[in-house]
Amino acid sequence: MKNGNEHYQIAVIGAGPAGATAAVYAARGGASVVLLGGASPGGQLLLTTEIENFPGFPEPVAGADLMQNMHRQAARLGAAVLGEEVASVDLSRRPFVLSTAGGRSFTASCVIAATGAKARWLGIPSEARYTGKGVSGCATCDGFFYRGKEVCVIGGGDSAAEEALFLTKFASRVYLIHRREKLRANFRLQKKLEDNAKVEILYEHVLDEVLGGDAGGAQGERAAAVSVRNVRTGEVRKLNTPGIFIAVGHEPATAIFKGKLPLDDSGYIVADGRARTSVPGVFAAGDVTDRYYKQAVVAAGAGCKAAMEALEYLEEAEKA
Ligand SMILES: Cc1cc2nc3c(=O)[nH]c(=O)nc-3n(C[C@H](O)[C@H](O)[C@H](O)COP(=O)(O)OP(=O)(O)OC[C@H]3O[C@@H](n4cnc5c(N)ncnc54)[C@H](O)[C@@H]3O)c2cc1C
């Protein structure tokens, strides 16, 4: 206890792949560690049913199982794994102070920010109903399941264009649905889309509903089609796309770091190649600092890096 608060050498905020891996490495490195998981301990992988690209699992693994295993591994190595949401951080004094929504306070010599990001969704009820059952926020993760099938991508920026092009490797046809009359994606990507015979761009269209159909076996009803509408003419069209990829951007979960850590213009934490932020002793890992990759294995690797840096920071601080 320091100042009446529970003290840990390393506090990890966020218990997705980045935070959980950081806790594993930090605890195994001999530090006292608390892993604060927030409202969704496990992070974004809880939103998906099967993961086929996390190394070490020859058979698909459920996102929830993978994350539960990471938490158990961190706990076995000595980390305190808590489902507390951090409501505020004070990074201006040492040790750092973390206050939770549940009224607890922790102090820590190092903080690893691993609060992740959230894929933005359209917010229509049928989208939520079929998330993980046809509706996806990640082509790299789920494109493979749509070999020889038709899919659609919603969005018009660079990531929507990248996702659409990536999906042409598997899908027989890719509809890119964009509400405006022009894409926001860069010229090079637009040219690639135009040159790809599998891609059809539906300008000035919006997704109205995701439609079910297939009984889907043990996992319940899956998406089978979408209904899209031309915003200029009002014409409605049904597309038989069992894969629906929402690519309207991501939002990093950085509200608690605003004004305390430098964020870039999209709200991501700015960290260097060694996971260090501009505040000595504060590190960042995973989707909260990653605009590009947004993959569990990349986040886990980043968590490992952040923990190794934090351990080195503690060692240097002890020597000083
Ligand atoms: C539907 C879907 C399917 C996906 N499928 C795959 C796939 O098959 N393969 C793959 O590699 N990747 C997949 N991804 C991407 C992958 O999930 C992310 O890249 C990865 O989860 C990022 O890990 P992270 O730890 O950085 O963040 P997250 O997983 O976002 O975890 C962030 C954690 O921080 C916590 N948190 C946030 N704020 C606070 C706070 N204030 N206090 C305490 N805790 C807080 C959250 O509760 C959560 O526990 C998928 C993503 C989605 C959305």
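## Two domains

Domain bounds here come from an automatic or database domain assignment. In this predicted model, the chain is divided into domain 1, which covers 6-119 + 250-319, and domain 2, which covers 125-246. As you turn the structure, keep in mind that domain 1 is written as two stretches of the chain, with domain 2 given as 125-246.

The C-alpha centres of domain 1 and domain 2 lie 32 Å apart. Where the domains meet, the contact takes eight residues from domain 1 and nine residues from domain 2. The side of domain 1 that touches domain 2 has two nonpolar, four polar and two charged residues.

## Around the ligand

Which residues come nearest to the ligand? There are 43 residues around the ligand, and Gly16, Gly38, Gly43, Gly116 and Gly286 come nearest. The elements that give two or more residues to this shell are α1 (17-28), β9 (117-119) and α7 (296-319).

By class, the shell around the ligand divides into 23 nonpolar, 17 polar and three charged residues. Both domains take part: domain 1 and domain 2 each supply at least three residues to the shell.

## A three-stranded sheet

A good place to look next is an open sheet of three strands, with the order β14-β15-β16 and antiparallel pairing. Its edge strands are β14 (205-212) and β16 (236-239), each of which pairs on one side only. From one strand to the next, the twist averages 25°. In a regular strand the side chains alternate between the two faces of the sheet.

How many bridges join β14 to β15? Seven bridges connect β14 with β15 (residues 223-230), and these strands run antiparallel. To find the pairing on screen, start from glutamate 209, which stands opposite serine 227 in β15.

On the other side of the sheet order, four bridges join β15 to β16, and these strands run antiparallel. Here arginine 229 has valine 236 in β16 as its bridge partner. The hairpin of β15 and β16 has five residues between the strands, and within the hairpin glycine 234 takes a positive phi near 85°.

## Backbone details worth a look

Some loop residues have backbone angles that you may like to inspect. The peptide bond from arginine 94 to proline 95 is cis, with omega near -10°. Proline 95 is found in the loop between β6 (86-90) and β7 (96-100).

Glutamate 204 is a residue other than glycine with a positive phi, near 55°. This glutamate lies in the loop between β13 (199-202) and β14. Alanine 275 also has a positive phi, near 70°, and is again a residue other than glycine. This alanine lies in the loop between β18 (250-252) and β19 (282-284).

Is glutamate 204 buried or exposed? Glutamate 204 counts as partly exposed because it has 15 C-beta neighbours inside 10 Å, and the partly exposed class falls between the cut-offs of 12 or fewer for exposed and 20 or more for buried. Alanine 275, in turn, is buried because 27 other C-beta atoms lie within 10 Å.

Terms used: Residues are numbered from 1 along each chain as its sequence is written. This is a predicted model: local features need pLDDT of at least 70, side-chain atom pairs count only at pLDDT 80 or more; totals for chains, interfaces and linings use all residues. A residue is near a molecule or strand if its C-beta atom, placed from the backbone, lies within 6 Å of it. Ala, Val, Leu, Ile, Met, Phe, Trp, Tyr, Cys and Pro count as nonpolar, Asp, Glu, Lys and Arg as charged, and the others, Gly among them, as polar. Two strands pair if DSSP finds at least two bridges between them. Axes are lines fitted to C-alpha atoms, for helices over the stretch in contact, and angles run from 0 to 180 degrees between N-to-C directions. Two residues are in contact if their C-beta atoms, placed from the backbone, lie within 7 Å.
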